[in-house]
Amino acid sequence: MQLACLGACNEVGKSSFWLKANQVRILLDAGMKIHDHNEIPQFNKHQCDALVITHAHLDHSGGAPAVYRNANPLTFCTYPTEPLVNLLLDDSEKVALDRKKALPFSRDNRRRMDKKTSCLGYGQDYEFHDGTRLRFLDAGHIPGSAMALVETRDKSLLYTGDFNLSETRMHHAARAPKDEVDYLIIESTYGMREHPPRRDLERDFLADVRKAIEDGRTALVPAFAVGRTQELLQVLHSSEFNHRLYVNGMGKQVNQIVSDYPSYVRDFDALNDAINAAEEIRSNRQGEKLMGKPCAIVSTAGMLDGGPMLSYIREATKKGNAAIFLTGYQVEGTNGRHLVEEGKIKAEGGRFQKIDLPVKQYDFSAHAGKHDLHAFVKKVNPQKVFCVHGDECGEFAASLRNEGFDAVAPKIGDAFKL
Ligand SMILES: [Zn+2]
């Protein structure tokens, strides 16, 4: 095997790894860094026969069509990932058009990718002509998310993509493969940090949302469309929450897609009940009129860079009758981060607007925490570990070396003979 690291090295964004397994050249993820200038890895340096998309998030899938500028690989992903990727790519085209930014691929590249995409279920093997096998394992991160296991006759490599090793309302925890693997590429997003226990987190979140509503405020819950919206609808559709629940933004379309793949969520009935209980907001006017009403609204964008949630916040700021509950990490440079750190968001025209509404932030992360990551590496017991996708990959690799593993945090362009 040979490995070349093309992206997500000591950073989160544009994940991509090129692997030559026996005769087959496989690109593991083809992400795009959306908060910069739609930056993608340099795919054209490496030919590929297959492209594996572990999950729909754009930092893993957003550059996939660009691979087709210079190559014509088979693309593999799970069944829900294909429509989710298409939804997110459509959205990124819209955003690029609005912001007058170019995307690094054409419509034709997308059409070619569509034609060449095959879906695999979890645990199903695809065998290449030379006997190399590809298998997806449930990553527990978002609907359809997968770890990719690549095996030749004498070597194996596991790429975790993004994964969660704790159970959530949406997913079972990801589990290590039955057999140990030789090489492991592992995400390190929370390599040096722990998450609060999910149960406590949900309890606190629910109590705070209820309190805000009882104080006469509308609870505004910005959420990512894929996974997070569905999880929060389930948390809010509980016996302890007896206020009206609304949903808007791209999460509505994701609700439909996820509903088509019941076997890709942990408790489909619970999810379905929550989706049916949430009323869809159909117009801007309807949403803005809800400000000050005793209800919760779950909507995109999760980091407040656009979407209906931004207009609700602006409207509520005029009236002073809402509270904001951020539900995840806010990347630097986003409105969500400006709000948390400076109490303001970027309004139309690029000026900042002060937001005088209560703001709270919760860690509903879909990534494995430090302890779970260490336990996973021990279980998989690889000869070599590549720590990627995080701000502290180097520290995480060092902590694994302390436990006796051969662990590295590669740089972009690094290549390894395995
Ligand atoms: Zn992800």
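Student: How many residues of domain 1 are in contact with domain 2?
Tutor: In this predicted model, the domain assignment gives domain 1 as 2-193 + 366-417 and domain 2 as 198-361. Counting heavy atoms within 4.5 Å as contact, 25 residues of domain 2 are met by residues of domain 1, and the number on the side of domain 1 is 26.

Student: What area is buried between domain 1 and domain 2?
Tutor: The size of an interface is often given as the accessible area lost when the parts come together. Between domain 1 and domain 2, carbon and sulfur atoms give 66% of that area, and the total is about 2,300 Å².

Student: How many salt bridges are there between domain 1 and domain 2, and which class of residue has 13 members on the side of domain 1 that touches domain 2?
Tutor: The count of salt bridges between the two domains is two. On the side of domain 1 that touches domain 2, eight residues are polar and five are charged, while the class with 13 residues is nonpolar.

Student: Which residues are the protein donors of the zinc ion?
Tutor: The donor atoms lie 2.2 to 2.3 Å from the zinc ion, and their residues follow the spacing H-x1-H-x83-H-x20-D in sequence. By name, the donors are His55, His57, His141 and Asp162.

Student: Why is the arrangement around the zinc ion tetrahedral or irregular?
Tutor: A tetrahedral arrangement needs all angles to lie between 85 and 135 degrees. The four donor atoms subtend angles of 91 to 162°, which makes the arrangement irregular.

Conventions: Residues numbered from 1 in each chain as written. Predicted model: local features only at pLDDT ≥ 70, side-chain atom pairs only at ≥ 80, totals over all residues. Heavy atoms only, no water. Domains from an automatic or database assignment. Buried area = accessible area lost by both parts, 1.4 Å probe. Salt bridge = Lys/Arg side-chain N within 4 Å of Asp/Glu carboxyl O. Nonpolar A, V, L, I, M, F, W, Y, C, P; charged D, E, K, R; others polar. Donors = N, O, S within 2.8 Å, 3.2 Å for Na, K, Ca; no water. Tetrahedral: all angles 85-135°; square planar, octahedral: opposite > 155°, others 65-115°.
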